[in-house]
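Please consider the following note on the ligand and metal sites of the model shown here.

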Amino acid sequence: MSAQTAYSVDASQPDNYYGYRSFKKGKFAFRRDEYFVHIDWPKGSHTLPADAFLRALQRDVAWNFFYGTVNFDSVFGTLNHYGTVDMFCGTFNDAYKEGGLDYMETYKSEDLMTTFKAILDDWTNAGYDPFAAPEETKMAFGRKDGDNKKAIERLRVTANRMVGIPGDTPPRTDAMGYPVNRQFADVEQDKPEVYPEPGFEKEVAGFNLFAYLSRSDVTWNPSVCSVVKESLYCPTSEEFTLPVEHGNDRVEWFMQMSDEIVWVVKDKETGRPRARVTCKPGDICAMPADIRHQGFSPKRSMLLVWENASNEIPKLINEGKAPVVPVKF
Ligand code: PHB
Ligand code: FE
């Protein structure tokens, strides 16, 4: 066993299960084989494909448990309390709850994060990139075969003010290792001309957001490109499926900037279907705070996610002082 103590190898499993380590966290046990991840908890067990699990785990790690609920699928996931985090099976699944199979444990966030990072590192093979579109990476499957630390240690880009403002996050270039993606070959790479009044050179700037997104090397990983008080503009390039069903704890807005995404929207607590929303270029929609949603992008597309990062909002919603929808008609 390694010196890290926040997780332990599951003693009930062979030490080298297909070459992979097995993990225990509280009463949860995790193991993977060539195709699947298996999760056991006191009242049940669950199996999901290894690639789907790793894509979701990668997002949960990179986003530090994100806003609200991160459902890896309809059974397993995490719920962020910003400092502590719940890990659950079946808690947000009507059938599991009715059958008494639901189970949840709460940890300090950094404690579960240590476990998640260890699983992600051990179960990601050489050449598999959980952030990449399926066409742009090797497969996740097979016996343990090396690692891909460079891919899994990417964090999301976070500007403090706006990309391109002197001293903040620089726009992406070829020289920085960000070539234009194969599916955005037609996106123009020109730069806006900006002529600030003398004295305002550090305050007024512009960058080509389409060019910036055309060079994203990841999918479903919003970068924070501008920050105004609590208002975060988080554009992202999407292809294939959003690897998680995100259960909001606040309203968030989507603006479809290119191509098309189909959103499947379900009730946050039960998982019952609520809506299917097809977003075409220029469409804007708001995701309510009482749903979970998953996006399907048939071709690489550009999406602007607009978040209000205020940590007051989940409390206000829970107390009924803020609405779960942005507008009531
Ligand atoms: C979301 O859950 O709102 C979300 C997450 C990642 C994305 C897009 C949307 O890339
Ligand atoms: Fe969301």
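The points below treat the two sites in turn.

1. This is a predicted model in which local features need pLDDT of at least 70 and side-chain atom pairs pLDDT 80 or more, while totals for chains, interfaces and linings use all residues. Residues are numbered from 1 along each chain as written, ligands are numbered from 1 in written order, and side-chain values use heavy atoms without hydrogens or water.

2. Ligand 1 is surrounded by 14 residues, the closest being Trp220, Glu238, His246, Glu252 and His293 (near: a heavy atom within 4 Å). Eight of the shell residues are nonpolar, four polar and two charged (charged: Asp, Glu, Lys and Arg; Gly counts among the polar ones).

3. Oxygen atoms of ligand 1 have polar side-chain partners (N or O pairs within 3.5 Å): Glu238 at 2.6 Å, His293 at 3.0 Å and Thr236 at 3.4 Å. The protein covers 100% of the 280 Å² of accessible area that ligand 1 has on its own (Shrake-Rupley, 1.4 Å probe).

4. Strand 10 (231-241), strand 12 (252-258) and strand 16 (291-308) each contribute at least two shell residues around ligand 1 (strands: DSSP E runs of at least two residues, numbered from the N terminus). Strand 16 gives the largest share, three residues.

5. The iron ion (ligand 2) has as protein donors His246 (ND1), Glu252 (OE) and His293 (NE2), at 1.8 to 2.3 Å (donors: N, O and S atoms within 2.8 Å of the metal, 3.2 Å for Na, K and Ca; water is absent, so sites may look incomplete). Their spacing along the chain is H-x5-E-x40-H. Because Glu252 lies in strand 12 and His293 in strand 16, this pair ties together parts 41 residues apart in sequence.

Note on methods:
A polar contact is a pair of N or O atoms within 3.5 Å; within protein, one must be able to donate a hydrogen and the other to accept it, and residues adjacent in sequence count only if both atoms are side-chain atoms. Helices (H or I, at least four residues) and strands (E, at least two) are DSSP runs, numbered from the N terminus.
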